[in-house]
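Got the model open in your viewer? Here is a tour, stop by stop, with something to select at each one.

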Amino acid sequence: MLFNSYIFVLVFLPVVLLGWWQLGNTRLRLVFLTLASYVFYGWWDWRFLPLMIASTTVDYIAGQHIARSDDPRTRKLWLVCSLSFNLAILGFFKYYGFFARSVNAVAGQMGLLGFAPVLNIILPIGISFYTFNSMSYTIDIYRRIVRPARSVVHFSAFVAMFPHLVAGPIVRYADIEDQFNDLKTRLPWHQASVGIYFFVVGMAKKLLIADQLAPQVNAYFAAPYGLGAAAAWIGALGYTFQLYFDFSGYSDMAVGLAHLLGIQFPQNFNSPYKAENIADFWRRWHMSLSTWLRDYLFIPLGGSRGSTLATGRNLFITMFLGGLWHGANWTFVVWGMYHGVLLAGYHILRKRGLTPKSLALSRAVTFLCAVVGWVFFRAETLPKAARILHAMVGGEGFAAPHVPFGYLALIVAAAAISFVAPNTWEIKLEPKARYAYLLALVLVYTILLLEKESPFLYFQF
Amino acid sequence: MATAAAQDPAAAELWRPFVRRFLGLLLGSLLAIVSMNFLVNPMGLYPPHWLPPVTWNTRTIKPELLQQARPKPQVMILGSSRSMQIAPAEVRQITGLPTFNAAVDSAMAEDYYLMLRYAVERAGIAPKMVLLGVDVEAFHNARPVDDRVFEAEAFRELLPGHTFWAWKMFYKLFVHQQTHLALRSLRIQLTGHFPLRDHFDPDGYLHYGDYEKERATGHYDVNAKIQRNVAWYVERTAGYTAISPERQKYLEELLQYCHDRNIKVVMWVTPLGPRLLETLGPRGYDQREREVLAMLQEEGAKYGAEVYDFSAVEKFGGDPRGFWDGAHMTEQNNALVTRLMLRRTDAVQ
């Protein structure tokens, strides 16, 4: 089920909010939330529900054993068990096809055909997100950062909770634990207002900006050849803003929905296109993933404690794996490595005092680096990405593109919002009537636009 | 997001009217929109029919034209908008049989079958021949049945069991398109001006109002239209990974239906322009095209139907520039297809 669908807005959400706030018993409410979230998930394809339930069960049991034991070997064994299970399902469903195709391509060059069997595996939606949620839980218990969930009901509700289930933010149990243990029995008016605000702003970002950019962006990336530099730049910039407004819109909606359940989620975006350098960009873009990678990958690898070279290597490995997390395709691998190189390069330049002094220049360079990266991220193949980049530097001429004025105007508006305006978290909502009316009218308008099914871009990950 | 006000009970109380105002305007606006859409009923979906529908649903228009067609057609042209300019007059000239173009836009296999059944069972037509323009994507395995099939009473009756239709009828009351059309309908009532751009002849032949006008005045920007269609066709063919068994079944039922009534069937694979083929080809369209052609040949052989592969202009000596928008052929290419097909077919005697 999509947040931006009639079934969600007109039926699912009102029923869930009514049930959640009517039920008095904490346990019953969490069971209700879990079951509702299973319906939300199963609406897409119920056959993958057992997979999520299995992941939940394994991690809950592992968490209990890790917490209960003082024996380092036992604790490690259960941690390995939890991580192996999650990585195995992630590896099979997300990466097996990629692995088989890549192996076959190499084997094919050596004359070996059909070396690895290619299976038509459907990628279960949200698998990357809920496995990361669950893994952080067992790792944090292992590190004695959090206590184990009070019951399987608490843990199931944490994993399945529909606002973050399919595309984040990647929530850690530490973020939720106290809130779950002390559930609000009545939604405070101010929190309802904040929830409404985030949800409506998210809907507006998705439906009024990202979805309006999508047709032209899709058309360009479908057939980018021979259209010239201007078309390439317009296509790349269109996707740059489409992705930001799509994903940050989804994150805002998730935060808003959580608020409507009386729960607070962490921030996921903080005006990333205002970043002053590439490290700053990653502190602002998909923050819940960045911090996950930092805490569970970069720091265990050694972080920035070693030499400059070692730090650069750690950054590169982290971003390489971060790229792979996004998708089983060489384009994501290259995108991750590209950012790894940028981060490592920035680290070295910063150490030597060679970073630009001008803020405007720093921001422009960072934004440019992000745009180039998004070409790899969006293109279906590496040769296609290379052709687009080639076109962007003028390799395919400078013909005037056939682009509707409305699309250009929207890119300019999206750029202005991204570069200048405060983000959803920075705006101070006030209890003024005009804001209430404005939010209501925006929501009404976006509801009118829900007919066309338009999944969020990050659902594919 | 600053929520410090929450700590102060007096300040927190200020948020109560905020939420009430929000909900009041939200629910009030939605109720007003739903009521207007239901009462104005611009697409003819709901019981009140106080105002005429303002939409262009070819699945409603073509059955009406077919009912009125005199003499009753003996050749039926079925297909999608890509076959709407196969001229009935030309077919009649070659075959000597009155002809009707019953193609409907975005037609899938079920549309071909439903239109034929409607013609025979509801409009009292006894065709001797069916000319079926088959689009490769008519057998899409991931596209649902077009809503317009269910919006047309003529078709809905022949396709029972659409579980979610009642739900769709409900949520369509909230849809922007319907609201926009309802407002347009009201404006038309106030001004009396009914702007209908494209139109059909009584024999179902399509005239592109805008395109023809632009072409006549020398302002026809074919590249812009092709670019727009590239996006539309990429979206339309997305997720098309195999021939849908259900849709193949509809074709089989059509062929069986014709076979039982001794109706000659001539099928051809409709072409796309070079730019669209170049774009869609590597995305799986080429493969699907081969599969559809093979399937048509197999089914054709089984039921005695003729099959022609006109999937690209070079296959019938057409003009690569003879497309309105990269997907819909202009009159000359359509005439060429008609002549070639009917000259070759053994049904013209």
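## Chain B, split in two

Begin by colouring chain B by domain: the assignment gives domain 1 (7-40) and domain 2 (58-165 + 197-344). Keep in mind that this is a predicted model. Put a centroid on each domain of chain B, and the C-alpha centres of domain 1 and domain 2 come out 48 Å apart. Now show the whole of chain B as a cartoon, where there are 15 helices and seven strands. Its C-alpha atoms fill a box of roughly 90 × 45 × 45 Å along the principal axes. Of the 349 residues in chain B, 39% are buried. Among contacts in chain B with a separation of 6 or more, 77% join residues 24 or more positions apart.

## Helix H2 of chain B

Select residues 15-40 of chain B, which make up helix H2. With 26 residues at 1.5 Å a residue, H2(B) should span 38 Å, and its end C-alpha atoms are 37 Å apart, which agrees. Show side chains for B:Trp15, B:Phe18, B:Phe22, B:Leu26, B:Ile33, B:Asn37 and B:Val40: these are buried. Step past the end of H2(B) and you land on B:Asn41, whose phi is positive, near 50 degrees.

## A cis bond on the way

Next, go to the loop between helix H3 (58-68) and strand E1 (75-78) of chain B, where B:Pro71 sits. Check omega from B:Arg70 to B:Pro71: the peptide bond is cis, with a value near -5 degrees. For background, most peptide bonds are trans.

## Helix H14 of chain B, two sides

Select residues 285-303 of chain B for helix H14, which has 19 residues. From its first C-alpha to its last, H14(B) reaches 26 Å, close to the 27 Å expected at 1.5 Å a residue. Which residues of H14(B) are buried? They include B:Tyr285 and B:Arg288, along with B:Glu289, B:Val292 and B:Leu296. Turn the view to look down the axis of H14(B): its buried residues fall within an arc of 100 degrees, so they line one face of the helix. The general rule behind this kind of pattern is that an α-helix has 3.6 residues a turn, so residues three or four places apart point the same way.

What do the buried residues of H14(B) pack against? Light up these elements of chain B in turn:

- strand E3 (129-134)
- helix H11 (222-237)
- strand E6 (264-269)
- helix H13 (274-280)
- strand E7 (306-309)

Then flip to the other side of H14(B), where B:Ala294, B:Glu298, B:Ala301 and B:Lys302 are exposed. Right after the helix comes B:Gly304, with a positive phi near 75 degrees.

One more select in chain B: B:Asn262, in the loop between helix H12 (245-260) and E6. B:Asn262 has a positive phi of about 60 degrees although it is not a glycine. Is B:Asn262 buried or exposed? It is exposed, because just 8 other C-beta atoms lie within 10 Å.

## Over to chain A

Switch to chain A, which has 18 helices and zero strands. Its radius of gyration is 23 Å, close to the 23 Å that the globule rule gives for 461 residues, so chain A is as compact as a globular protein of that length. Along the principal axes, the C-alpha trace of chain A spans about 65 × 60 × 50 Å. Buried residues account for 46% of chain A.

Pick A:Trp292, in helix H12 (residues 287-298) of chain A. A:Trp292 is buried because 23 other C-beta atoms lie within 10 Å. Leaving out residues up to four places away in sequence, A:Trp292 touches A:Phe132, A:Ser136 and A:Ile170. For a longer reach, draw a C-alpha distance from A:Trp292 to A:Ile234: 33 Å in space, with their positions 58 residues apart in sequence.

Then try A:Arg144, in the loop between helix H5 (127-142) and helix H6 (152-160) of chain A. A:Arg144 is not a glycine, yet its phi is positive, about 60 degrees. With 10 C-beta neighbours inside 10 Å, A:Arg144 counts as exposed.

## Where the chains meet

Finish by selecting the contact, which takes 32 residues from chain A and 31 residues from chain B. On the side of chain A that touches chain B, helix H1 (6-22), helix H9 (189-222) and helix H18 (433-448) each supply at least two residues. The largest share, eleven residues, comes from H9(A). Colour that side of chain A by class and you get 25 nonpolar, five polar and two charged residues.

Conventions: Residues are numbered from 1 along each chain as its sequence is written. Chains are lettered from A and ligands numbered from 1 in the order in which they are written. This is a predicted model: local features need pLDDT of at least 70, side-chain atom pairs count only at pLDDT 80 or more; totals for chains, interfaces and linings use all residues. Domain bounds come from an automatic or database domain assignment. Helices (H or I, at least four residues) and strands (E, at least two) are DSSP runs, numbered from the N terminus. The expected span of a helix is 1.5 Å times one less than its number of residues. A residue is buried if 20 or more other C-beta atoms lie within 10 Å of its own, exposed if 12 or fewer, and partly exposed in between; C-beta atoms are placed from the backbone. The arc is that of the directions from the helix axis to the C-beta atoms. Two residues are in contact if their C-beta atoms, placed from the backbone, lie within 7 Å. The radius of gyration is taken over C-alpha atoms; the globule rule is 2.2 Å times the number of residues to the power 0.38. Ala, Val, Leu, Ile, Met, Phe, Trp, Tyr, Cys and Pro count as nonpolar, Asp, Glu, Lys and Arg as charged, and the others, Gly among them, as polar.
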